[in-house]
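Here are a few exercises to work through with the model open beside you. Try each task before you read its solution.

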Amino acid sequence: MVSSALRTPSLAVSAVFSVLLFISERGLAQDSELESLRSLVKGMEQQLQKALQRIDQLENERGITATRVEQVEKSARARQSAPSALNPAIGMAIDATAEQRSKAGGTFNFRSAEIGIAASIDPYARGYAYFTGSGEGVEVEEAAMVTTSLPWNLQARGGRFFADFGRLAKFHPHEYAFVNTPLSLERIVGGESKADGAELSYLFPTPFFLRGTVGGYNKLGAENERLDDSKSRSWSRFTYLGRLNTYFDLTDNHSVELGTSVAFTPSSRIPDVAQGGSRTLSGLDLTYRYQPLDSTLYQGLSFGAELFGNSERLQRASGVRRMFAPGGYAYAEAKLNREWSAGFLYDNAPSLVSPGKKTQSYSPFLTWNLSEFNRLRFQYTYGNDNVNESKADGGNQFFLQWTTTLGAHSHGFANR
Amino acid sequence: MQVKRRSFVCVLFLVVLWSAGGVAQAQSIRVVTTIPDLADITKQIGKELVEVESLTRGVEFMHAVPVKPSFVPKLNRANILVAMGLDLEISWLPALLEPASNPKIMPGQPGHVDCSAGITVLDVPRSVDRAEGDVHPKGNPHYNLDPFNGKVIARNIADGLGRNFPQHKAVFEKNLAAYSAELEKAVARWQTLAAPLKGTKFVAYHSDWAYFASRFGLQQIGSIELKPGIEPTPNHLVALVQKMQQEKVQVIIYGPQSDRYPKQLAGQTGAAVVRLQSTGGATAETDSYIKFIDYNVRSLLAALKKS
């Protein structure tokens, strides 16, 4: 009994012990499980946190993208509806010089402020205009329409524009490589080939560039005083033009461009000269360019030359006679680096009335392009003037030119 | 007189024959692209259906491409013109389209494929003023430097070809899928290869590397140019050297510019110098779009390794 009694408590103790042991063992096992559960939950919490953060981030990004898309759409809508959306491209070129001529003295010469406007008119044409203000007032230098979708490689131009005669005659003077319009161009052609009229160009379907132009104008030349632009005239008093222009790449870096032009006026008349007669103005132009493709920013050479000839009946001391006056210019310009270039211009300008008398000039020039839109140029000219009695175009001449462009100002293909 | 007339007739006959020859060749789709990258991608999508020519060779500085009249007949005969857009070609393409007498490829017409559609444009200026240099009002146009954009370009070209020649649309789509897959594989390769480029600080001559930098995690610290298109002043270079030393700039990247300033800065700061290509096509190593990106990634890695 005792033993059983003894046994009973011992049993009970052992039972309690084993239960305790079991419980503690169980407890230990539960603890580690809890621990692992805890760490699992923690890990999951972290992952959840990360996922939530990512969701936030993505939502944020989506929000930003959506806002951006909305902004873009809004601005596009605004642009489409704004009246200014259809405004043409507007730009201005300002050209001024400080000059010193041995015969005439010095001056600050405000040469021009040229406002250019250009835009498409409709699917069939585009329009452009240049208004030039200078010491002589404001004038419409060009205002023309050009077709953009004529068939058979044709392109028509109408209004007031620089007729397709020669090369330099189509340049606006601020685009020259040198300071002044060559006297040969000024005397024979009349400066820029400004004309009121119409032109038709044809691009030949050849593998190389070949373009022909025919045109009809009231008269040709900005300083041509032979006829009055504002008066009507018979067909024989108009000026008719023909030009062929071609270009070849000799290699990737060397190219040659050639052109020939003729402007014919069946019945031209110099004021105060009773007898009229036909006038033939002819031109030949050559441009050679070295443009190393991989360093056009730093290197390059261009050589340009033009020959002009004027044939018409003119008043001389000995009476009215047909005179042929040939003249021309040649220049070369080398790019020294990205900002600097230097060149030389030779000009041979005859008197139209006495072609034996000439003004010859020699002009070295140096150009500093501060940027694409801002340019300083220094030029020295020595002139030998046998045309003017005053020798106005002779002697030593110094020029400092400052030219800038504002906004969208480009004269396109013609002034390349 | 008789001889003169005969020779004139002969010349006229030759010209007509020449032109007829041009027409007879015209069986495949004639595509003109502005840069070689676009020519390569067009070739991948058009395959034997297209005859592709790029106007530039890949060596030019894109903002100073000469306006060559020899480009005019090419544009005149093109069925499709593929351009980068975002005003990359503004200084020369409009002047050439003017005499090209080809209304089909004028901007806005179906034959004018602008590859910038759908590109996420970087560096869009907050204000447009030339006091900031030769800024691009529409943003940075050198998006071809990010290979992810290669896929967008390819999609735009396939759409453009399909729009103009719907009878071949299925072929273009098939070729597009194949090319996109090839490009994707290449992109995955570049991402692994270019991993060490992440965080690399660099100075660029001209700011045309934004897309490349953003794709591969590079950080631009400054530019050699004072402002886009404007050469540096001595003061600007002094300040740039200081900044490069402070920021520990590792590499100077330049493109079709002179190496004078990059080398001068490298001498002063110890940074590496590398000339990368901003378009493909310049050499045999960059004669396809994929090879061009590959060349840039490898050249940059090699330059960094040397430094």
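The exercises below go from the model itself to one residue and then to the interface.

This is a predicted model, in which local features need pLDDT of at least 70 and side-chain atom pairs count only at pLDDT 80 or more, while totals for chains, interfaces and linings use all residues. Residues are numbered from 1 along each chain as its sequence is written, chains are lettered from A and ligands numbered from 1 in the order in which they are written, and side-chain values use heavy atoms, with hydrogens and water left out.

**Exercise 1.** Find out how confident the predictor is in chain A.

Solution. Start with the average: chain A has a pLDDT (the predictor's confidence in each residue, from 0 to 100) of 86, and 84% of the residues score at least 70. Next, look at residues 1-8 of chain A, where pLDDT stays under 50. For that stretch the model has five contacts (heavy atoms within 4.5 Å) beyond four places in sequence.

**Exercise 2.** Decide whether Thr403(A) is buried or exposed, and describe its surroundings.

Solution. First place the residue: Thr403(A) sits in strand β16 (residues 395-407) of chain A. Strands here are DSSP runs of E, at least two residues, and helices are runs of H or I, at least four, both numbered from the N terminus. Then check accessibility: Thr403(A) counts as buried because its relative accessibility is 4%, the cut-offs being under 20% for buried, over 50% for exposed and partly exposed in between (1.4 Å probe, protein chains only). Finally, list the neighbours. Beyond four places in sequence, Thr403(A) is in contact with residues including His174(A), Phe373(A) and Asp95(A).

**Exercise 3.** Describe how chain B meets chain A.

Solution. Begin with the residues: 34 of chain B are in contact with 36 of chain A. The buried area (accessible area, 1.4 Å probe, that two parts lose on being put together, summed over both) is about 3,300 Å², and carbon and sulfur atoms give 58% of it. In chain B, the residues that lose the most area to chain A are Pro69(B), Glu98(B) and Arg130(B), together 18% of what that side buries.

Now turn to charge. The rule finds five salt bridges (a side-chain nitrogen of Lys or Arg within 4 Å of a carboxyl oxygen of Asp or Glu) across this interface. One of them pairs Arg126(A) with Glu98(B), with the closest N and O atoms 3.7 Å apart. As for elements, α1 (2-24), α3 (71-77) and α4 (93-97) of chain B each give two or more residues to the side that touches chain A, and α3(B) gives the most, with four residues.
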